[in-house]
Amino acid sequence: MKLVIAVIKPFKLDEVREALTRIGVHGMTVTEVKGYGRQKGHMEIYRGAEYAVNFLPKLRIEVAIASEQIDQVMDAIAATARTGQIGDGKIFVTQLEHAVRIRTGETDVDAL
């Protein structure tokens, strides 16, 4: 099993969710986060005062999947989250050792 963590632009969430649903991924966790990378920050004006925005709003998506789905999931996220502009995000993949569905007691791939 794998845990896929993707950091994307907020307005891309619905497209990414729909793409994952189409390939059979029916659950995800979404967290609002802030961060920066090469995009860094930018200057904004609020009530006439200019200030620096160092951390930009992003969404962190976590999806637990069977190992066989990894290529499909990464392709779906990358294709739908891509705008071609700096700050499109990143995808990270880690090994998932064990999973349990609390309600039924199912384990590992059956729990996904």
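1. Let's start with the inside. The largest nonpolar core has 16 residues, and the ones with the most contacts inside it are Ile8, Val16, Leu20, Ile65, Val73 and Ile77. Four elements each supply at least two residues of this core: β1 (2–8), α1 (13–22), β5 (56–65) and α2 (70–81). Of the contributors, α2 gives the most, with 5 residues. Keep in mind as you read on that this is a predicted model.

2. Leu20 is a handy place to look at the packing. Setting aside its neighbours within four places in sequence, Leu20 is in contact with Val25, Met28, Val63, Val73, Ala76 and Ile77. As background, nonpolar side chains tend to be buried together in soluble globular proteins.

3. Now the salt bridges. There are 4 in the whole structure, and the one I'd look at early on joins the side chains of Lys9 and Asp88, at 3.7 Å from N to O. Lys9 sits in the loop between β1 and α1 and Asp88 in the loop between α2 and β6, so this pair ties together parts that are 79 residues apart in sequence. Buried or exposed, Lys9 and Asp88? Both are buried.

4. Another of the bridges pairs Lys12 with Glu15, with 3.4 Å between the closest N and O atoms. The two partners differ in burial: Lys12 has a relative accessible area of 9%, so it counts as buried, while Glu15, at 37%, is partly exposed.

5. Arg101 and Glu106 also meet through their side chains in a salt bridge, 2.8 Å from N to O. Here Arg101 is partly exposed at 28% relative accessibility, and Glu106 is partly exposed too, at 33%.

6. On to the pockets. The largest pocket has a volume of about 320 Å³. Its lining has 15 residues, and Tyr36, Gly37, Arg38, Gly89 and Lys90 lie nearest its centre. Two elements, β2 (29–35) and β6 (89–95), give two or more residues to that lining. By class, the lining splits into 5 nonpolar, 5 polar and 5 charged residues.

7. The second largest pocket holds about 250 Å³ of space. It is lined by 15 residues, with Gly27, Val63, Ala64, Ile65 and Leu112 nearest its centre. Which element provides the largest share of this lining? That would be β5, with 4 residues. In this pocket the lining divides into 9 nonpolar, 5 polar and 1 charged.

8. One link to follow on screen: Ile65 is among the residues with the most contacts inside the largest core, and Ile65 is also one of the residues nearest the centre of the second largest pocket. Val63, a contact of Leu20, lies nearest that centre as well, along with others.

Conventions
Residues are numbered from 1 along each chain as its sequence is written. This is a predicted model: local features need pLDDT of at least 70, side-chain atom pairs count only at pLDDT 80 or more; totals for chains, interfaces and linings use all residues. Side-chain values use heavy atoms; hydrogens and water are left out. A nonpolar core is a set of buried Ala, Val, Leu, Ile, Met, Phe, Trp, Tyr and Cys residues joined through side-chain atoms within 4.5 Å. Buried means under 20% relative accessible area, exposed over 50%, partly exposed in between (1.4 Å probe, protein chains only). Contact means heavy atoms within 4.5 Å. On a 1 Å grid over the protein atoms alone, a cavity is a set of points where a 1.4 Å probe fits but cannot get out, and a pocket is an open set with protein on both sides within 12 Å along at least five of seven lines; lining residues have an atom within 4 Å of a point. Grid points are joined across faces, edges and corners, and a volume is the space filled by probe spheres set on the points. Ala, Val, Leu, Ile, Met, Phe, Trp, Tyr, Cys and Pro count as nonpolar, Asp, Glu, Lys and Arg as charged, and the others, Gly among them, as polar.
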